[in-house]
Amino acid sequence: MEASPKNPLSDSAGEFQESIRRHIRYSLGREWKHLAGREIFNAVALAVRDRLVDHLFETETRYREADAKRLYYLSMEYLIGRSLGNNLTNLGIYDLCREALEHMGLDIEEVREAETDAALGNGGLGRLAACLLDSLATLGMPGFGYGINYEYGLFRQQISDGHQRERPDHWRSYGTPWLIERPDEACIVPVYGRMETIPDAAGRKQPVWSDWRILIGVPHDMPIVGYGGRTVNTLRLYTARSSHEFDVGIFNGGDYLLAVEQKVASETISKVLYPSDLVEAGKELRLLQEYFFVACALWDIVQKYQTRRAAFDDFPSRVAIQLNDTHPALAIAELMRILVDEKAVRWERAWSITRSTFGYTNHTLLPEALEKWPVELLRRVVPRHLQIIEEINRRFLREIEKVWPDDRERLARMSIFEDGGSPHVRMAHLAIVGSRSVNGVAKLHTELIKSSLASDFYRLWPERFNNKTNGVTQRRWLLKANPALARLITDTIGDSWITDLDHLRGLEPHARESAFQESFGRIKRENKERLAKVVYDSTRETVDPDSLFDVQVKRIHEYKRQLLCVMHVIHQYLTVVEDGAEIPVPRTYIFAGKAAPGYWSAKQIIKLIHNVGRVVNNDPRTRDRLRVVFIPDYRVSLAEKIIPAADLSEQISTAGMEASGTGNMKFAMNGALTIGTLDGANIEILEEVGAENIFIFGLRVDEIRKMREERSYSPYHYYQYNHLLRRVMDALNSDLFSPHEPGLFKWIFQRIVDQGDYYFHLADLPSYIDRQKDAEKVYLAPSLWREKAIRNVARIGRFSSDRTVREYAAEIWKIRSY
């Protein structure tokens, strides 16, 4: 039943309401009175999509008339989250939509909550990709994403007795209104088969890829709208289909199951994000995914280019391709295959075109995260590409020998192929050799690439290496996620910050104003109340919004050191129960994040968080001053509720291990103070907000490197001579937090005290404890805390993804706004 409108419906809202009604009837085939919540969302989203498509055509016309150079962004992940609110905001029709829905008796927030997060990514890599696409569209730049249309995301996280349980994340089970299928633009992808040599007309031997199987890549376009609605680019995602519904020959031969199995095996390629590579079948599926999506993307890119040009001489001046980490690195070999095998371009010219087209963004310094593929697996799955990589490497090594004659060790270090009992292809080396630009994502990270990860390559090609510090889009992470704070900012300094975040500097004069501080504090309190409800609904734990919300939400990994934060919780608990101390500031520790299904240690840390929380939250000596909660199933829509409510942001990775981080930027943008190490972008945040407005602790990169090289770090020494550290470790070695599961956490004691503490927990814990005390002292002075929080917001302008995109566009991609 529709509510009676209090005010007459405006003409524009009436048109929008009519569009919703039309889609309810003709797109969904439903009557209004029979609609469920998800169907209402679909109808609203389709009405929004109509406008997106109109702007999409207008944008493409503008680019085509200008003969614009285009950027194509290749990423295995896009952590999009929900799209309705973002699209309404960027189109400038949020209030119009709310008005239309109110006159239909609907609440816009309830409609938005019916949307499922698009499970197309995992962590920072995918969220960065989503932010860059938003900024490209907002800046009016021709930038387009390519990826895989996963049917299942990483997984839905459930918690059972403190243990992570993985459940399928079938995010498209009800369909998604944002994707536009383009079956007429499907492409053919050959896989498997073998190589043979056949003489050509001139008698020259030519490699021929034969006996391959065929996959079909079907594109689905997701419109990406920039703020203001003028520009709509696309994210093109490919679904894998078999070449036929099933092999009719096999079917007619009587083997019905095999016929169906072949169809299912082909379509498995786009089923799930990051299948486990702990078994050979998982490795093969991941390689197939990476090849499938870059083959589809390159086919599409070349097709678009050739609609206007036949020859490839202008390809690098009209096309830029950015590799988001090593996952798409096979694109280098694929472009070479297309140019040499299909377009008859000479090798030397093809290589010059390829090298001038690609850029490579490195996202990690962790050795285990740098992809290497077994040669035999490549030979089986993509035999022609292996040949091409071998030839690239042969010519590259010849180039090195001219620079460093007789340096066999350097040749081995720089080779794309890693020899050994089982030879592998080093995808990072392929990406570096085949790209005109190699960038890190924070100043420290880039310097470490130059000095350690790729030092030989940097000496050979110093001009290729550059830094592009990550950024986040303020449209989602402030305007949309924290609308009350966004309104306060706009009322105070105007709305220009929405497209130029540096304008937040205008808040500086208001940092000490009591009226502004009062409004700022009230908004933070409201956000904390909202999060407290989320906590209760998902965990049945009550938390006090007046307590300090100390937040660590991110992927669970040992180098991110959730364990260090838990060790501080244990320290605080023991000071109360053993020393009789008072906790000066009531504190709620809020954790969230997923551990990779095969990462035992990370999953045990999740269990530890729950067990410590169970003890602390139920002990009458601490439960009113100390709370520990873990919110399950961390995702973008949950982050949008957590981040605006945080008081203290935990960015405590071991120095030299976090490439950049983007959570640190989102928290500061929303008025949280950071406690962190000198790692990743923390260093640049420190430079911007000032040392007095951030809590920095811990060893520096050079100190850790020296201790590793000299083997001078002795965690046992810290354990033996610091009684506070000793009793924290003894508590973990005991059954204090596992009374019904004896010995459950002894492995932590053994790994840290006995086995070297690879992530330097004990070395950093004393200074971490001290800085936490400093944070408490500031929190006890509300006016001072708010001033520091406001200055964090005011000085965060450098960390907009708009700035990041402008730097990429000017220095690497050579594209501009239209």
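# Reading one chain, feature by feature

Visitor: Which residues of helix H26, residues 682-689, are buried?

Guide: Buried means under 20% relative accessible area, exposed over 50%, and partly exposed in between, with a 1.4 Å probe and protein chains only. In H26, the buried residues are Asn682, Glu684, Ile685, Leu686 and Val689. An α-helix has 3.6 residues a turn, so residues three or four places apart point the same way. Helices (H or I, at least four residues) and strands (E, at least two) are DSSP runs, numbered from the N terminus. The model is predicted: local features need pLDDT of at least 70 and side-chain atom pairs count only at pLDDT 80 or more, while totals for chains, interfaces and linings use all residues. Residues are numbered from 1 along each chain as its sequence is written, and side-chain values use heavy atoms, with hydrogens and water left out.

Visitor: What covers the buried residues of H26?

Guide: The cover is counted by contact, which means heavy atoms within 4.5 Å. It includes the helices H17 (443-453), H25 (663-669) and H32 (782-794), together with the strands S21 (648-651), S22 (673-676) and S23 (695-696). Just after H26 comes glycine 690, with a positive phi of about 95°.

Visitor: Which residues other than glycine have a positive phi here?

Guide: Most residues other than glycine have a negative phi. Two cases to look at are arginine 540, with a phi near 60°, and lysine 814, with a phi of about 60°. Arginine 540 sits in the loop between helix H21 (514-539) and strand S18 (548-553), and it is exposed at 54% relative accessibility. Lysine 814 is in the segment after helix H33 (801-813); at 46%, lysine 814 is partly exposed.

Visitor: How do I read a polar side chain such as asparagine 362: is it buried or exposed?

Guide: Start with its place, which is the loop between strand S12 (358-361) and strand S13 (372-374). Asparagine 362 has a relative accessible area of 1%, so it counts as buried. Then look for polar contacts: pairs of N or O atoms within 3.5 Å, where within protein one must be able to donate a hydrogen and the other to accept it, and residues adjacent in sequence count only if both atoms are side-chain atoms. The side chain of asparagine 362 has such a contact, of 3.1 Å, with the side chain of tyrosine 360. It also reaches the backbone nitrogen of threonine 364 at 3.1 Å. Leaving aside neighbours within four places in sequence, the contacts of asparagine 362 include Asp325, Asn439, His445 and Leu453.

Visitor: Where does asparagine 324 lie?

Guide: Asparagine 324 is in strand S11, residues 319-324, and it is buried with a relative accessible area of 0%. Its side chain makes a polar contact of 3.0 Å with the side chain of tyrosine 73. Not counting residues up to four places away in sequence, asparagine 324 touches Tyr73, Leu74, Ser75, Leu125, Ala129, Thr361 and His363.

Visitor: How many residues apart in sequence are leucine 273 and isoleucine 148?

Guide: For a pair like this, compare sequence with space. Leucine 273 and isoleucine 148 are 125 residues apart in sequence and 8.6 Å apart in space, C-alpha to C-alpha. Leucine 273 is in the loop between helix H8 (256-267) and helix H9 (280-306) and is buried at 1% relative accessibility. Beyond its neighbours within four places, leucine 273 contacts residues including Met76, Leu120, Tyr150 and Leu154.

A second pair is glycine 661 and threonine 469, 192 residues apart along the chain, with C-alpha atoms separated by 9.7 Å. Glycine 661 lies in the loop between S21 and H25 and is partly exposed at 21% relative accessibility.

Visitor: How many helices and strands are in the whole chain?

Guide: The chain has 33 helices and 23 strands. Its radius of gyration is 28 Å, close to the 28 Å that the globule rule gives for 818 residues, so it is as compact as a globular protein of that length. That radius is taken over C-alpha atoms, and the rule is 2.2 Å times the number of residues to the power 0.38. Along the principal axes, the C-alpha atoms fill a box of roughly 90 × 75 × 60 Å. Of the 818 residues, 60% count as buried. Among contacts with a separation of 6 or more, 76% come from residues 24 or more positions apart.
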